[in-house]
Amino acid sequence: MDQPSFTDIEYGNRRRVSRREKFLEAMDATIPWASWVAVIEPFYYADRAGKRGRKAKPVETMLRMYLLQVWFSLSDEGVEDAVYDSYAMRRFMGLDFAVEQVPDATTLLHFRHLLEEHQLGEKLLAAQNEVFAQQGWIMRGGSIIDATIIAAPSSTKNATGTRDPAMHQTKKGNQWFFGMKAHIGADAGTGYVHSVTATAANVHDLDEAVHLVRADDEVVYADAGYQGAAKRPEIAENEDLSRITWQVAPRKGVLKTMTDHDRVLASRQASVRAKVEHPFLIVKRDFGFTKTRYRGIAKNLNHLNVLFASANWLMRARAVALMG
């Protein structure tokens, strides 16, 4: 929207800008839209080929609407209504209601299904990591791996009368959880996420460790739940992964018996491992993804890839803001 509307002028005279608008402005300025659009475009127009009906909405418009849905944890109908109601969201999407309307919920549904069908969430995360590598924002050589539980609805009040068969329950401490696990690998230098997998909640963290490290990693930091990772056959028998030094946190009972020097080293390693908690915090607190939105692992994994890619962009935007 090159020429400001009366609404833009009216909102420009406000004394205070909302946190939502500041967040959307930061993300708009940080994300290289051409890179992400290029990932989706071949699949988007191939899917539309030969179909009759309305002219396809621009890829970037649909991508921006989908990201609003992801960032604010909205339903298909909910994000459509929110764009109509929110000036900040309308501006983020670049819509002028005098020219075009918000894509409807069904159009967004088809777009989301396209992303899920072709696993484009994973490709968007890979494209984001490629940009970070080209700009020198990632420090290669070390990773941090961790997992978190994402709850799933345990109610059977649905069409099938059953809980999601892909989800399972697990015990953590003295509490039982039903749902899935999000496993991530993050760059040890910056904390940016480079790998994401998802499993049922009862899958052990060690089972996913091999999928979260990079071939050129020299050291991997992990909490006490990853004890024995270096001895796993899929790691010990791999030419690249077997050379990795595993800095796994000692269990509390062992920590008490360690010398002062070893405790200092353990504390320094803990400060490195702490970086992996920041992406989890953003995904759960800022983006509100504390409970699965869809049935099955695959759809939620696509959602997680976009969430963690977005968390990386948000961390980058905040870092740039701090540097002035």
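**Buried aromatic residues, the nonpolar cores and helix H4**

Tryptophan 313 has a relative accessibility of 1% and therefore counts as buried, the cut-off being under 20%. The structure described here is a predicted model. Tryptophan 36 is likewise assigned as buried, with a relative accessibility of 1%.

Trp36 also belongs to the largest nonpolar core, which comprises 72 residues. Trp36, Ile40, Trp71 and Leu304 are the residues with the most contacts inside this core. When residues up to four places away in sequence are not counted, leucine 304 touches Met180, Ala182, Val196, Ala198 and Phe289. Another core, of 16 residues, lies apart from the largest one. Val220, Leu241, Ile244 and Trp246 are among the residues of this other core. In soluble globular proteins, nonpolar side chains tend to be buried together.

Aromatic contacts were examined next. The structure holds 14 aromatic pairs. One of them is formed by tryptophan 33 and phenylalanine 92, whose ring centres are 5.8 Å apart. The angle between the planes of these two rings is 65°, and the pair is edge-to-face. Distant parts of the chain are linked by this pair, as tryptophan 33 lies in helix H3 (residues 33-48) and phenylalanine 92 in helix H6 (residues 87-93), 59 residues apart. Tryptophan 33 is buried, at a relative accessible area of 9%, and phenylalanine 92 is buried at 4%.

Tryptophan 36 and tryptophan 313 form a further pair, with ring centres 6.3 Å apart. The planes of their rings stand at 75°, so this pair is also edge-to-face, a class that requires over 60 degrees. Because tryptophan 36 lies in helix H3 and tryptophan 313 in helix H13 (residues 297-323), the pair ties together parts of the chain that are 277 residues apart in sequence.

Ring pairs also join Phe23, Trp33, Trp71, Phe72, Phe92 and Phe287 into a cluster. Trp33 is in addition approached by a charged side chain: arginine 64 lies over the face of the tryptophan 33 ring, at 4.0 Å from the ring centre. Elsewhere, the ring of phenylalanine 97 has the charged end of arginine 90 over it, 5.7 Å from the ring centre.

Arginine 64 is one of the buried residues of helix H4. H4 is mostly covered, with 12 of its 13 residues buried. These buried positions are Val59, Thr61, Met62, Leu63, Arg64, Met65, Tyr66, Leu67, Leu68, Gln69, Val70 and Trp71. The end C-alpha atoms of H4 are 18 Å apart. Its 13 residues, at 1.5 Å a residue, should span 18 Å, so the expected and modelled values agree.

Two residues in loops show backbone angles of note. Just after H4, serine 73 takes a positive phi of about 55°, although serine 73 is a residue other than glycine. Serine 73 is found in the loop that runs between helix H4 (59-71) and helix H5 (76-85). With a relative accessible area of 31%, serine 73 is partly exposed, because this value falls between the 20% limit for buried and the 50% limit for exposed residues. Glutamine 119, also not a glycine, has a positive phi of about 50°. Glutamine 119 is found in the loop between helix H7 (105-117) and helix H8 (120-134).

Notes
Residues are numbered from 1 along each chain as its sequence is written. This is a predicted model: local features need pLDDT of at least 70, side-chain atom pairs count only at pLDDT 80 or more; totals for chains, interfaces and linings use all residues. Side-chain values use heavy atoms; hydrogens and water are left out. A nonpolar core is a set of buried Ala, Val, Leu, Ile, Met, Phe, Trp, Tyr and Cys residues joined through side-chain atoms within 4.5 Å. Buried means under 20% relative accessible area, exposed over 50%, partly exposed in between (1.4 Å probe, protein chains only). Contact means heavy atoms within 4.5 Å. Helices (H or I, at least four residues) and strands (E, at least two) are DSSP runs, numbered from the N terminus. The expected span of a helix is 1.5 Å times one less than its number of residues. Rings of Phe, Tyr and Trp (its six-membered ring) pair if their centres lie within 6.5 Å; planes under 30 degrees apart count as stacked, over 60 as edge-to-face and the rest as tilted. A charge sits over a ring if NZ of Lys or CZ of Arg is within 6 Å of the ring centre and within 35 degrees of the ring normal.
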